Amino acid sequence: MAERSFVLDDACLQSVFGEYDVNIKKVAKTFNVDYVIRDEKLVLSGDEASVVRASRCIEDMEGLIHSGKVLNEQSVNYIIGLASSENDSKLSNLDNNVICYNIQGKPIAAKTFGQQAYVDAIDKKMIVFGIGPAGTGKTYLAMAKAITAFKRNEVNRIILTRPAIEAGEKLGFLPGDLQSKVDPYLRPLYDALHEIMGAEQFQKNMEKGLIEVAPLAYMRGRTLDNSFIVLDEAQNTTPAQMKMFLTRIGFGSKAIITGDRSQKDLPSGTKSGLDHALRVLKNIDDIGVCTLTSKDVVRHPLVQKIVEAYENYDKHEKRSSQHKKLKES
């Protein structure tokens, strides 16, 4: 039986325990350790390996609190995940460089090591592919970097685009002009811009032509110089569309391509331009590829569980299909 004790101030102890002791109970249950307050110390006990991992969680949580960061359900889950892994990374050691502030004054920064690698790749590479499931911040962080580059006069304009493809629903003949017809497809990009930049500032820059939100088809025949370009939902491009987009990029520009390879809305039998591009361009050093996982989901923790459940189901289905083919052969 091993023991480890921690001397924590009242504020830190309250955060580590969490409301109704939810945080400390989650750590104790995950690593099968006991906890008690003894002589104003938090004491963990259990087998040595379990106490070591649980102690890493407490140390990381304490470091996060002292650095002024928020200890919430998502960060606690991530800390437990790090402690369960073989590496020695700690969330409190994550680079806390703020990319920018949203319209409410809240800082936007990487919240996981996967996100930090993605942000670093955007800084270093001219073209970056951000691949991962919903909720990992692929598009939001790319937009934050785009707005930051624009405000610093590193680029002259921001261009945001995505393929206008129906996500399993027939929208019919929408009323209005061409822009009105494509706006529903681009709504997520507008929402992110409004949250980071503010609706009024966004509208002013739109009217000046400094920010452009358009369907991918609008990119054909253009050369995009001195621009920060974000292609969202890239899994719904065809290989021809992806090639067209990548060959639009001009001098002084940076392009971020985001997509979730598990959520394609292409017609059955159509090859994804994102999958194709990752195979074709894999040996080009100046192109970065960052793969985010369910561990990088920063939405409600339930979203992370949903993503993991689908991933596990898909793996099971794939194994079953392979087993069936082997039996048939």
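How are helix 2 and helix 4 oriented relative to each other, roughly parallel or roughly perpendicular? Before I answer, please keep in mind that what we are looking at is a predicted model.

Two packed helices are described by the angle between their axes and the distance between the axes. For helix 2, which covers residues 22-31, and helix 4, which covers residues 73-84, the axes come within 11 Å and cross at roughly 25°. Angles under 35 degrees count as roughly parallel, and helix 2 and helix 4 are therefore roughly parallel to each other. The crossing in which helix 2 passes helix 4 is right-handed.

These two helices are also joined through their side chains, since Lys26 and Glu73 meet in a salt bridge with an N to O distance of 3.9 Å. Lys26 belongs to helix 2 and Glu73 to helix 4, and the two residues are 47 residues apart, so this pair links distant parts of the chain. Both partners are partly exposed, Lys26 at 26% relative accessibility and Glu73 at 40%.

Let me turn to the other salt bridges. A search of the whole structure finds eleven of them, and I will mention a few. Glu233 pairs with Arg162, and their closest N and O atoms are 2.9 Å apart. Because Glu233 lies in the loop between strand 9 and helix 9 while Arg162 is in strand 7, this pair ties together parts that are 71 residues apart in sequence. The partners differ in their surroundings, in that Glu233 is partly exposed at 25% relative accessibility, whereas Arg162 is buried at 9%.

Arg222 forms a salt bridge with Glu212, with 2.7 Å between the closest N and O atoms; Arg222 sits in the loop between strand 8 and strand 9, and Glu212, ten residues away, sits in strand 8. Elsewhere, Arg4, Glu59 and Lys90 are linked in a network of salt bridges.

Now a word on the backbone. Most residues other than glycine have a negative phi. Glu233, which we have just met in its salt bridge with Arg162, has a positive phi near 55°. Asn226 likewise has a positive phi, near 45°, and this residue lies in the loop between strand 8 and strand 9, where it is partly exposed at 34% relative accessibility.

Finally, the surface. Leu302, Ile306 and Tyr310 form a nonpolar patch there, with about 330 Å² of accessible area together. Tyr310 is placed in helix 11, residues 301-328, and is exposed, with a relative accessible area of 57%.

Terms used:
Residues are numbered from 1 along each chain as its sequence is written. This is a predicted model: local features need pLDDT of at least 70, side-chain atom pairs count only at pLDDT 80 or more; totals for chains, interfaces and linings use all residues. Side-chain values use heavy atoms; hydrogens and water are left out. Patches are made of residues with over 30% relative accessible area and no salt bridge: like charges are joined within 9 Å, nonpolar side chains (Val, Leu, Ile, Met, Phe, Trp, Tyr) within 5 Å. Accessible areas come from the Shrake-Rupley method with a 1.4 Å probe; for residues, only the protein chains shown count as cover. A salt bridge is a side-chain nitrogen of Lys or Arg within 4 Å of a carboxyl oxygen of Asp or Glu. Helices (H or I, at least four residues) and strands (E, at least two) are DSSP runs, numbered from the N terminus. Buried means under 20% relative accessible area, exposed over 50%, partly exposed in between (1.4 Å probe, protein chains only). Axes are lines fitted to C-alpha atoms, for helices over the stretch in contact, and angles run from 0 to 180 degrees between N-to-C directions. Angles under 35 degrees count as roughly parallel, over 145 as roughly antiparallel, 65 to 115 as roughly perpendicular and the rest as oblique. A crossing is left-handed if the near helix is turned anticlockwise from the far one by less than a right angle, and right-handed if clockwise.
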